[in-house]
Amino acid sequence: MTLAPFGRRLCPVVAHSRYGAYDVISVLDAEGPAPDPGQFYMLTAGERWGGGTDERPFLPRAFSVLRRHEDGRLDFLFEDVGPGTRRLCELRAGDGVWLLGPLGVGFREPEDGRRPLLVGGGVGTAPLAILQDALGPEALPLLGFRDAAHAEGAALLHGARVATDDGSVGHGGLVTDLLAAELDRDDGAEVYACGPPPMLESVRALCAERGVPAQLALEAGMACGFGACFGCVVPTRAGYVRLCVDGPVLDAAALEVVE
Ligand SMILES: Cc1cc2nc3c(=O)[nH]c(=O)nc-3n(C[C@H](O)[C@H](O)[C@H](O)COP(=O)(O)OP(=O)(O)OC[C@H]3O[C@@H](n4cnc5c(N)ncnc54)[C@H](O)[C@@H]3O)c2cc1C
Ligand code: FES
């Protein structure tokens, strides 16, 4: 597990790009350590992040690292779902971002001989790109999106098979249909998944039925990101854990259900 340096650091945005419905920003974190796949950062825009008379005061927001480049650039993927992500989507080269991280426990290597299958839903694609960079292109991504605009996010990984809810791209239906077909073909896989809770619950149940190991990157509302506020607790078979320090990646077998 890679530990974050003490305190947060102000880093420059060096690029912004669009992938259909998603925004990607690259931030130069020249001094920070290389994150492990599945770790996350707490982000705050350097300017206009609440505090003014018309602005809601924001806490930092948690984001998976999408990709790390050799020169220390970190890419993050956003979907505009509220005031924090809207502000981060507006950032352009030359703007500043406060970074705290890398935080949490990321994905483990696959068990010996197991073939990695990466299963993502929507913005849950993010941690699977850095994971595929680490595991190699033989790690097969199965990605589910709402529609064609969101499915453009599949270009962030190599060789992804895509499902869309409206059938406009790839398989018309759920990404877990693609997973079930892959597991029927070959159950010597290890599954890595990130996405909305109903998708993760289906992945957990499918893998449990077949005895296939799975690692799930979960989400919870996070106020601090480093274990102090207990805002992010989730129930496991062994009791409650803080997702920001004990996760966000948990073994599927540790969970009764994903809620
Ligand atoms: C470890 C981790 C990694 C994440 N990685 C990414 C990422 O790579 N890209 C990305 O776009 N988002 C990611 N998120 C989610 C992101 O942190 C939240 O959506 C964030 O709250 C958005 O802030 P906002 O101010 O735009 O919206 P808010 O006003 O905070 O929330 C907008 C809506 O989303 C709901 N919501 C907020 N946070 C969560 C959550 N954690 N789980 C479920 N629903 C939530 C709220 O109830 C509300 O309905 C991640 C979250 C975690 C915990
Ligand atoms: S976010 Fe504060 S304890 Fe996890």
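The buried residues of helix α4 are covered by a set of elements that includes the strands β8 (115–121), β9 (140–145), β10 (161–164), β11 (171–172) and β12 (189–194), together with the helix α5 (197–210). This description rests on a predicted model. Beyond the surroundings of α4, the points below take up an open sheet of seven strands and the residue L3, which lies in the segment before β1 (9–19).

**Helix α4**
- Helix α4 spans residues 175–185, and its buried residues are V175, T176, L178, L179, A180, E182 and L183.
- Among the elements that cover these buried residues are β12 (189–194) and α5 (197–210).

**The open sheet**
- The seven strands of the open sheet follow the order β4-β3-β7-β1-β2-β6-β5, and their pairing is antiparallel.
- Because β4 (61–64) and β5 (67–68) stand at the edges and each has a single partner strand, one side of each is left without a neighbour in the sheet.
- Strand β3, which covers residues 40–45, runs antiparallel to β4 and is joined to that strand by four bridges.
- Within this pairing, M42 has A62 of β4 as its bridge partner.

**Residue L3**
- L3, found in the segment before β1 (9–19), counts as exposed because its relative accessibility is 62%, and the cut-off for that class is over 50%.
- When residues up to four places away in sequence are not counted, L3 touches P33 and P102.
- L3 and G32 are separated by 29 residues in sequence, while their C-alpha atoms are 9.9 Å apart in space.

Terms used:
Residues numbered from 1 in each chain as written. Chains lettered and ligands numbered in written order. Predicted model: local features only at pLDDT ≥ 70, side-chain atom pairs only at ≥ 80, totals over all residues. Heavy atoms only, no water. Helix = DSSP H or I, 4+ residues; strand = E, 2+ residues; numbered from the N terminus. Buried < 20%, exposed > 50% of the residue type's maximum accessible area, 1.4 Å probe, protein only. Contact = heavy atoms within 4.5 Å. Pairing = 2+ DSSP bridges.
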